[in-house]
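Biologist: I would like a close look at one histidine and its surroundings. After that, please take me through the backbone spots that stand out.

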Amino acid sequence: MTWLFSRRADLLIFGGTAIAALVLAFALPYHDAPQWSWIAGVLFVDVAHVWSTAFVVYLDPAEWKRRPVLYAGVPVAMLAIGIALYARGPLVFWRAIAYLAVFHFVRQQYGWVMMYRAKNGERDRAGRWLDGATVYLATLYPLAWWHAHLPRRFSWMIDGDFVSIPAWVGSALGIVYAIALAAYVIRALVKRPVNWGKHLVVATTAACWYAGIVATNSDYAFTVTNVFVHGIPYMALVYVYARAASRERDSRQGIAAFALDRKRALVVFLASLWAIAYCEELLWDHTLWHERPFLFGGGFDLGSVACVIAPLLAVPQLTHYVLDGLLWRRSTNPRLGRLL
């Protein structure tokens with residue numbers, strides 16, 4: 001059995017994060033997300049993990065030199081697309097971002113499963129199809145159920161960003177999911193060697209997505225089960241990848257922080273992400289949301305300028321979504337196998 005990081009790290013990053021999220025979701029009976037959960041989940045994890053992409057693209061000279069036109073062009077393109085969407089109305093803009101985010105979250109869980117398959121030498125097509133179908137359905141079934149039971153006490157971006165679908169679609173997908181999950185479990189019981197890391201990802205994905213969306217109707221439960229299991233493993237991946245990139249002989253002028261010892265490097269990494277995440281959310285709150293004056297101070301009304309400010313502030317998030325689809329695939333990143 002080959003782990004992605006190490007046995008201890010994988011169990012902590014995937015299993016420990018999921019267990020903590022589930023305990024928080026069911027142990028504390030909140031409906032609305034309290035401020036501490038927003039700070040811990042959205043600010044310190046969700047927004048921070050978006051900016052972590054910069055460590056392996058814009059702050060890595062070797063990666064920047066490899067595709068400068070792409071990396072310079074994506075933020076510009078995202079701004080232009082965002083302005084065009086907002087011109088058609090704020091709901092159009094936020095709905096588009098919500099569904100892009102959903103795609104990103106779903107694909108990440110599939111990506112972890114494929115990474116574990118690759119690390120453990122699993123090449124069979126039937127197994128790939130079943131593994132992929134199971135982890136996809138573990139996310140798509142709760143999402144379909146959500147769409148079929150609107151409105152809920154929580155939303156992905158803003159109220160009304162999801163569109164309603166007939167209830168039978170969610171029910172039908174649930175049956176397909178149950179069949180796929182049963183087939184996955186049966187195959188897992190007989191296949192050797194056991195790929196425990198892959199099973200861990202599938203199990204935690206199924207548990208957290210079901211608990212946060214179907215089993216509960218709480219903005220708080222959705223927040224802790226959604227962003228923790230998504231953002232924390234991603235930041236761990238970026239941290240390991242960036243440290244490996246900084247040690248490459250052909251990139252000695254990489255990120256200076258990662259030349260430090262491991263503990264100090266981790267502190268610099270997290271402190272940098274949390275500082276920039278705070279600055280971004282301060283701008284959002286000052287200009288658009290006006291929801292947390294205790295944390296960010298007073299705000300001001302932008303009026304018609306919001307049609308530019310909102311797309312501009314969304315650029316890091318949209319850029320992260322696009323680049324994430326390129327960085328973690330061998331076909332588009334030849335450094336991936338070497339650095340991980």
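Modeller: Helices here are DSSP runs of at least four residues, numbered from the N terminus. This is a predicted model. Start with His 104. Its place is in helix α5, which spans residues 90-119. Is His 104 buried or exposed? Buried means under 20% relative accessible area. His 104 has 4%, so it counts as buried.

Now its contacts, leaving out residues up to four places away in sequence. His 104 touches three other histidines: His 49, His 230 and His 320. It also touches Tyr 321 and Asp 324.

Next, the backbone. Most peptide bonds are trans, and most residues other than glycine have a negative phi. Three spots go the other way, taken one by one.

Leu 150 and Pro 151 are joined by a cis peptide bond, with omega about 0°. Pro 151 sits in the loop between α6 (125-148) and α7 (167-190).

Arg 192 and Pro 193 are also linked by a cis peptide bond; omega is again about 0°. Here Pro 193 lies in the loop between α7 and α8, the latter covering 196-215.

The last spot is another histidine. His 290 is not a glycine, yet its phi is positive, at about 55°. Where is His 290 found? It is in the loop between α10 (262-289) and α11 (293-296). Partly exposed means a value between the 20% and 50% cut-offs. His 290 has 41% relative accessibility, so it counts as partly exposed. His 104, by contrast, is buried.

How values were computed: Residues are numbered from 1 along each chain as its sequence is written. This is a predicted model: local features need pLDDT of at least 70, side-chain atom pairs count only at pLDDT 80 or more; totals for chains, interfaces and linings use all residues. Side-chain values use heavy atoms; hydrogens and water are left out. Helices (H or I, at least four residues) and strands (E, at least two) are DSSP runs, numbered from the N terminus. Buried means under 20% relative accessible area, exposed over 50%, partly exposed in between (1.4 Å probe, protein chains only). Contact means heavy atoms within 4.5 Å.
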